Amino acid sequence: MSYSEKVVYFIQMNLSETVFYFNEDMKKHTTFQTGGNADLLVEPGTIPELQKLINYISKENIPYMIIGQGSNIIVSDKGLRQVVIKIGKRLSRCTIENEKLEAEAGALLADVAKEAQENSLSGLEFASGIPGSIGGGVFMNAGAYGGEIKDVLQEILVLTAGGELLIRKISELELGYRTSMMQTNGDIVLRAEHCKAPWYKGKYRGI
Ligand SMILES: Cc1cc2nc3c(=O)[nH]c(=O)nc-3n(C[C@H](O)[C@H](O)[C@H](O)COP(=O)(O)OP(=O)(O)OC[C@H]3O[C@@H](n4cnc5c(N)ncnc54)[C@H](O)[C@@H]3O)c2cc1C
């Protein structure tokens, strides 16, 4: 059985809200629309299912990579001999409660910025023109027009490379110019849990 077949068998047996595509054309998943096929592309539908999937493929030593909207990656024409895990539309819920905004990693930066604006929450205006997802944005501390994710993020939910769900505070994330700790420790960003615009006259506001 190939590694792709093993993963698909695991999904079929255990993960009802996760979808998969064999030999998926990566042109469909990258902004620059370049690159060959991925052996297998998987889109988890819930955080617990993503955790189970990561635990399984780590235990089996199967190579994988995470993508969001694919706006900051170029795929080789040779394609990808690993499981591509896309955190996209299926993990993109965004909620606002008591002036606190929480967005899953697959939510688009522009959509979250719009949601914030429609709910009179300041701070995310800079993100409205940046292509990509919240997960990809946190991963590289995306920014524009003098604003960056670092300014509005309080804490995130991650899945560690060891398969553990953890809340990480912004102070732990080592957010610098287009860099973060996630670029070295293998954490997967799952949700921006708690964001605020600290300059908003001392009054608590969501992003
Ligand atoms: C036309 C254009 C304009 C752009 N303008 C800007 C700009 O003004 N400012 C700016 O900062 N950037 C800009 N970018 C870059 C890009 O939009 C950002 O890097 C964006 O945050 C990438 O998000 P994504 O979801 O597309 O990530 P992807 O391209 O899918 O992935 C990029 C990296 O992030 C990792 N990643 C993605 N999701 C997760 C996750 N949930 N957990 C852990 N790692 C993850 C991937 O493994 C990969 O290494 C621009 C890109 C384009 C094409």
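**Exercise 1. The ligand and its polar partners**

Which backbone atom lies 2.6 Å from an oxygen atom of the ligand, and to which residue does this polar atom belong? Work from that contact outwards to the rest of the ligand's surroundings in this predicted model.

*Solution.*

Step 1. The residue is I66, a polar backbone atom of which is 2.6 Å from an oxygen atom of the ligand.

Step 2. For an oxygen atom of the ligand, a distance of 2.6 Å is also found to a backbone N or O atom of N72, while a nitrogen atom of the ligand is 2.9 Å from a polar backbone atom of V189. The ligand taken alone exposes 970 Å², and 79% of that area is buried by the protein.

Step 3. The shell around the ligand holds 28 residues, of which I66, S71, P131, S133 and M140 come nearest. The space that the ligand takes up is the largest pocket.

Step 4. Assign the shell to secondary structure: β3 (64-67), α4 (134-139), β7 (143-144) and β11 (188-195) each supply at least two of its residues, and the largest share, four residues, comes from α4.

**Exercise 2. A residue of strand β3**

Determine whether I67 is buried or exposed, and list the residues that it touches beyond its sequence neighbourhood.

*Solution.*

Step 1. I67 has its place in strand β3, and β3 is among the elements that supply at least two residues of the shell around the ligand.

Step 2. The relative accessible area of I67 is 4%, and because buried means under 20%, I67 is buried.

Step 3. Leaving out residues up to four places away in sequence, I67 touches M26, H29, I73, V84, I85, K86 and I87.

Step 4. For a distance across the fold, take I188, which is 121 residues from I67 along the chain; the C-alpha atoms of the two are separated by 9.9 Å.

**Exercise 3. Two asparagines with positive phi**

Compare the backbone of N23 with that of N141, and establish for each residue whether it is buried or exposed.

*Solution.*

Step 1. Begin with the general expectation, which is that most residues other than glycine have a negative phi.

Step 2. N23, although not a glycine, has a positive phi of about 45 degrees, and a positive phi of about 45 degrees is likewise found for N141, which is not a glycine either.

Step 3. The place of N23 is in strand β1, whereas N141 lies in the loop between α4 and β7.

Step 4. N23 counts as exposed because its relative accessibility is 51% and the cut-off for exposed is over 50%; N141, at 0% relative accessibility, counts as buried.

Step 5. As an extension, consider E24, which is also found in strand β1, residues 19-25. E24 is buried, with a relative accessible area of 8%, and its contacts, aside from neighbours within four places in sequence, are H29, G36, N37, A38 and L41.

**Exercise 4. Two residues of helix α2**

Where do K52 and N55 lie, and how is each of them classed by accessibility?

*Solution.*

Step 1. K52 lies in helix α2, residues 47-59, and N55 is found in helix α2 as well.

Step 2. The relative accessibility of K52 is 46%, so that K52 counts as partly exposed, and N55, with a relative accessible area of 34%, is partly exposed too.

Step 3. Setting aside residues up to four places away in sequence, K52 touches F10 and L15, while N55 is in contact with G162 and G163.

Step 4. The C-alpha atoms of K52 and I149, 97 residues apart along the chain, are separated by 29 Å; for N55 and T179, 124 residues apart along the chain, the separation of the C-alpha atoms is 26 Å.

**Exercise 5. Two loop residues**

Place T160 and S16 in their loops, and decide whether each is buried or exposed.

*Solution.*

Step 1. T160 lies in the loop between β9 (153-159) and β10 (165-169), and S16 is found in the loop between α1 (3-14) and β1.

Step 2. T160 counts as buried at 10% relative accessibility, whereas S16 counts as exposed at 69%.

Step 3. Not counting residues up to four places away in sequence, T160 touches L166, R168 and D187. For S16, the C-alpha atom is separated by 39 Å from that of G147, 131 residues apart along the chain.

Note on methods: Residues are numbered from 1 along each chain as its sequence is written. This is a predicted model: local features need pLDDT of at least 70, side-chain atom pairs count only at pLDDT 80 or more; totals for chains, interfaces and linings use all residues. Side-chain values use heavy atoms; hydrogens and water are left out. Buried means under 20% relative accessible area, exposed over 50%, partly exposed in between (1.4 Å probe, protein chains only). Contact means heavy atoms within 4.5 Å. A residue is near a molecule or strand if one of its heavy atoms lies within 4 Å of it. A polar contact is a pair of N or O atoms within 3.5 Å; within protein, one must be able to donate a hydrogen and the other to accept it, and residues adjacent in sequence count only if both atoms are side-chain atoms. Accessible areas come from the Shrake-Rupley method with a 1.4 Å probe; for residues, only the protein chains shown count as cover. On a 1 Å grid over the protein atoms alone, a cavity is a set of points where a 1.4 Å probe fits but cannot get out, and a pocket is an open set with protein on both sides within 12 Å along at least five of seven lines; lining residues have an atom within 4 Å of a point. A molecule sits in a cavity or pocket if more than half of its atoms lie within 2 Å of its grid points.
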